[in-house]
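Q: Could you take me through the surroundings of the ligand in this model, and then show me how that part fits into the rest of the chain? I work at the bench, so a connected walk-through would suit me well.

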Amino acid sequence: MDISVVVPLFNEEESLPELASWVKNVMDENRFSYEIIMIDDGSNDNSWKVVQNLQKENSNIKGIKFRRNYGKSAALFCGFDIVQGDVVITMDADLQDNPDEIPGLFRMVKEDGYDLVSGWKKKRKDPVLTKNLPSKFYNWTVRRMTGIKLHDMNCGLKAYRKNVVKSIEVYGEMHRYIPVLAKWAGYNNIGEKVVQHSERKYGVTKFGVERFIRGPLDLLSVMFISRFVKRPMHFFGVLGILMIMVGLAAAIWLGVEKIIQLKHGIVGNLLTNSPYFYIALTAMIIGAQFFLAGFLGELVSRSATDRNKYQVDQTTSE
Ligand code: UDP
Ligand code: MG
């Protein structure tokens, strides 16, 4: 199979029929063998009914319905689990991403050898103040922090070599940072393609102001997860042990110094009167805290994936 199109959707009933027939036309014109995987992320409108009907008309469509809203990341992750195409295309369900871009993206992966090609909504058709400007600032920051030179990291329209999506785990809110995850999984050939973007035709955006809080926090966690999550204990634990050792060494030094003083008959201040004593004590206490943080981090990182794992309710093949 040439292409798997993965479409996460949450309350997009009006857009789906148009999207399905447009994608089909593009695939047929280019003689691609394909599947469209529509993941209903717990919609409470008629989206699932629409998906089921579309599947009856076109057997290349596969539908999956989540029991509740798990978020776009979980929906993508679920799609990635079952894709069969050599090239995987993700696109939003709301017709803002243009299916005519699929052949170009496909060729960049298949012929030019990119592992991942990210769309760049150069002429973005979204509100300037709430979407475009924050996005520019966000992308600038992410470029600096990750060293991945993309203008539009979070563009919903992307193409991947199949191996890439099979070797990353997208949970929580990580869909915003898939190129970062891919790079850390060892896929360095990341490209960018200017894509057309349209205004939302039906329905409303599913990402409100809460993303201004979630976005930066996720960036921190993505930085952290990619580097340390396998062993957070190694980072905080080592830091903690170092601080405890420094504190301990200082305390021993103070003790030895006191003994030497006493031996020479110098009766100075009490040990607890020395400021160094408190610095040593503080270092040990903070060290113990770091060590504990590392230990908790280890526990959390081991259960995070399971906790966020989606649950499928129905599929169209049932
Ligand atoms: N989406 C989803 N689960 C969610 C929120 C959004 O599957 O919890 C889907 C949504 O239906 C759309 C895509 O993710 O297909 C992008 O969402 P949206 O268009 O609302 O984001 P925007 O374009 O406004 O950034
Ligand atoms: Mg949209």
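**Around ligand 1**

A: Happy to. Ligand 1 is surrounded by 17 residues, and the closest of them are Pro-8, Phe-10, Ala-93, Thr-205 and Lys-206. Two elements give two or more residues to this shell: strand S1 (3-9) and helix H3 (72-82). Sorted by class, the shell holds six nonpolar, five polar and six charged residues. Please keep in mind that this is a predicted model.

Strand S1 deserves a closer look. Seven of its seven residues are buried, so S1 is mostly covered. The cover extends to both faces: Ile-3, Val-5, Val-7 and Leu-9 are buried on one side, and Ser-4, Val-6 and Pro-8 are buried on the other. Pro-8 is also one of the residues closest to ligand 1. The partner of S1 is strand S2 (residues 34-40); the two run parallel and are joined by seven bridges. Within that pairing, Val-5 stands opposite Ile-36 in S2.

Just ahead of S2 there is a backbone detail to look at. Arg-31 sits in the loop between helix H1 (16-29) and S2. Its phi is near 55 degrees, a positive value in a residue other than glycine. Arg-31 has 7 other C-beta atoms within 10 Å, and because 12 or fewer counts as exposed, that is its class.

Leu-95 also has a positive phi, near 70 degrees, and is likewise a residue other than glycine. Leu-95 belongs to the loop between strand S4 (87-90) and helix H4 (102-110). Its surroundings hold 21 other C-beta atoms within 10 Å, and the cut-off for buried is 20 or more, so Leu-95 is buried.

Now for the wider setting. An unreviewed UniProt entry places the feature "domain: Glycosyltransferase 2-like" at residues 4-167. Over residues 4-167 the chain is 42% helix and 20% strand, with the end C-alpha atoms 16 Å apart.

The same kind of record lists residues 233-256 and 276-300 under "transmembrane region", again in an unreviewed UniProt entry. In the model, residues 233-256 are 100% helix and 0% strand, and their end C-alpha atoms are 33 Å apart. Residues 276-300 are also 100% helix and 0% strand, with 36 Å between the end C-alpha atoms.

Ala-288 shows where these two listed spans meet. Ala-288 is in helix H10 (residues 275-308), and touches Gly-240 and Ile-244, leaving aside residues up to four places away in sequence. The C-alpha atoms of Ala-288 and Leu-239 are 9.5 Å apart, although 49 residues separate the two along the chain. With 15 C-beta neighbours inside 10 Å, Ala-288 falls between the limits for exposed and buried, so it counts as partly exposed.

Stepping back to the whole chain, there are ten helices and eight strands. The radius of gyration is 26 Å, well over the 20 Å that the globule rule gives for 318 residues, so the chain is more spread out than a compact globule. Along the principal axes, the C-alpha trace spans about 95 × 40 × 35 Å. Of the 318 residues, 38% count as buried. Among contacts between residues at least 6 apart in sequence, 84% join residues at least 24 apart.

Definitions and conventions. Residues are numbered from 1 along each chain as its sequence is written. Chains are lettered from A and ligands numbered from 1 in the order in which they are written. This is a predicted model: local features need pLDDT of at least 70, side-chain atom pairs count only at pLDDT 80 or more; totals for chains, interfaces and linings use all residues. A residue is near a molecule or strand if its C-beta atom, placed from the backbone, lies within 6 Å of it. Helices (H or I, at least four residues) and strands (E, at least two) are DSSP runs, numbered from the N terminus. Ala, Val, Leu, Ile, Met, Phe, Trp, Tyr, Cys and Pro count as nonpolar, Asp, Glu, Lys and Arg as charged, and the others, Gly among them, as polar. UniProt positions are given in the numbering used here, feature names are shortened, and annotations may be inferred rather than shown by experiment. The radius of gyration is taken over C-alpha atoms; the globule rule is 2.2 Å times the number of residues to the power 0.38. Two residues are in contact if their C-beta atoms, placed from the backbone, lie within 7 Å. Two strands pair if DSSP finds at least two bridges between them.
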